[in-house]
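Me: Please take a close look at one part of this structure, the salt bridges, and set them in the context of the fold. I would like one connected account.

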Amino acid sequence: MEGTPMAHSPLSASRNHPGVIAPPPLIFAGFLNLGVVADSYTSMEIGFSPVLRQVAGIGLLAAGMVFLALALGLFRRARTRPEPWQPTTAIVSTGIYAVTRNPMYVGMALAYAGLALLADSLLALLLLPLVLALIHFGVIRREERYLQAKFGVEYRRYAARVRRWL
């Protein structure tokens with residue numbers, strides 16, 4: 001199914017995108033920065049030793065980058081846009097997309113957690129569940145409605161076969 005082009009779309013040309021609330025990288029980066037800056041005004045710490053924070057932070061950041069690189073490579077190969085505010089021309093369902101429907105958001109969440117650890121920002125870590133809720137309701141659910149309307153049964157079969165997260 002990877003790279004299956006869309007022959008006919010019930011969506012109007014003026015609304016051929018999911019209508020996400022904001023670009024997901026900006027949501028993740030905005031809340032990460034908010035947490036780190038707010039933490040600079042507190043004496044709160046994560047409480048892990050610096051070595052443990054660095055090892056875990058680098059590991060999570062690297063894992064996030066791997067998820068993102070794999071997902072972006074598959075989108076490039078399928079010749080469709082990865083940006084959820086742009087029209088989609090294909091369902092990518094192989095590789096990492098056979099494991100999770102949202103590897104880019106998994107990757108961004110892992111990278112966010114890694115960067116929060118590296119910055120020793122407890123507030124940034126505490127904001128991560130809020131970020132994930134915003135991504136779920138303001139991005140993923142909208143993308144799913146869009147993909148179902150655009151690809152119909154092909155997307156429903158894919159969604160039934162592959163989990164949203166891990």
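Reply: The chain of this predicted model has 5 helices and 2 strands. Read from the N terminus, the order of elements is β-α-α-β-α-α-α. The C-alpha trace spans about 55 × 30 × 25 Å along its principal axes. Of the 166 residues, 40% count as buried. Among the contacts in the chain with a separation of 6 or more, 83% are between residues 24 or more positions apart.

Against that background, the salt bridges number 4. Side chains of opposite charge can pair when their charged atoms come close.

Consider Arg-53 and Asp-120, which form a salt bridge with their closest N and O atoms 3.6 Å apart. This pair links distant parts of the chain, with the two positions 67 residues apart in numbering: Arg-53 belongs to helix α2 (residues 50-78), and Asp-120 to the loop between α3 (103-118) and α4 (122-151). Both partners are buried. For Asp-120 the relative accessibility is 18%, and this residue therefore falls under the 20% limit for a buried residue. The backbone of Asp-120 also deserves a remark, as its phi is near 55°, a positive value in a residue other than glycine.

The helix that carries Arg-53 is also packed against α3. The axes of α2 and α3 come within 7 Å and cross at roughly 160°. That angle is over 145 degrees, so α2 counts as roughly antiparallel to α3. The crossing of α2 past α3 is left-handed.

A second positive phi is found at Arg-79, where the value is near 60°, again in a residue other than glycine. Arg-79 sits in the loop between α2 and β2 (90-91). With a relative accessibility of 75%, Arg-79 counts as exposed because the limit is 50%. Asp-120, by contrast, counts as buried.

Another salt bridge joins Arg-81 to Glu-83, with the closest N and O atoms 3.0 Å apart. Arg-81 has a relative accessibility of 40% and counts as partly exposed. Glu-83 is partly exposed as well, its relative accessible area being 23%. The setting of this pair therefore differs from that of Arg-53 and Asp-120, since both of those residues are buried.

A further salt bridge brings together the side chains of Arg-164 and Glu-144, at 2.7 Å from N to O. Arg-164 lies in the segment after α5 (153-161) and Glu-144 in helix α4, so the bridge ties together parts that are 20 residues apart in sequence. The two partners are not equally accessible: Arg-164 is partly exposed at 26%, whereas Glu-144, at 13%, counts as buried. The pair is also part of a network of salt bridges that links Arg-101, Glu-144 and Arg-164.

Helix α4, which holds Glu-144, also takes part in the nonpolar interior. In soluble globular proteins, nonpolar side chains tend to be buried together. Here the largest nonpolar core has 35 residues, and those with the most contacts inside it are Phe-28, Tyr-97, Met-104, Tyr-112, Val-131 and Ile-135. At least two residues of this core come from each of α1 (24-39), α2, α3, α4 and α5. The largest contribution is that of α4, with 9 residues.

Val-131 shows some of these connections in detail. Leaving aside neighbours within four places in sequence, Val-131 is in contact with Ile-27, Phe-28, Phe-31 and Tyr-112. Ile-27, Phe-28 and Phe-31 are among the α1 residues that meet α4. On the α4 side, the residues that meet α1 include Leu-127, Leu-128, Val-131, Ile-135 and Val-139. The two helices pack at an angle of about 160°, with their axes 9 Å apart. That makes α1 roughly antiparallel to α4. The crossing of α1 past α4 is right-handed, while that of α2 past α3 is left-handed.

To return to the salt bridges, Arg-53 and Asp-120 connect helix α2 with the loop between α3 and α4, and Arg-164 and Glu-144 connect the segment after α5 with helix α4.

Note on methods: Residues are numbered from 1 along each chain as its sequence is written. This is a predicted model: local features need pLDDT of at least 70, side-chain atom pairs count only at pLDDT 80 or more; totals for chains, interfaces and linings use all residues. Side-chain values use heavy atoms; hydrogens and water are left out. Helices (H or I, at least four residues) and strands (E, at least two) are DSSP runs, numbered from the N terminus. Buried means under 20% relative accessible area, exposed over 50%, partly exposed in between (1.4 Å probe, protein chains only). A nonpolar core is a set of buried Ala, Val, Leu, Ile, Met, Phe, Trp, Tyr and Cys residues joined through side-chain atoms within 4.5 Å. Contact means heavy atoms within 4.5 Å. Axes are lines fitted to C-alpha atoms, for helices over the stretch in contact, and angles run from 0 to 180 degrees between N-to-C directions. Angles under 35 degrees count as roughly parallel, over 145 as roughly antiparallel, 65 to 115 as roughly perpendicular and the rest as oblique. A crossing is left-handed if the near helix is turned anticlockwise from the far one by less than a right angle, and right-handed if clockwise.
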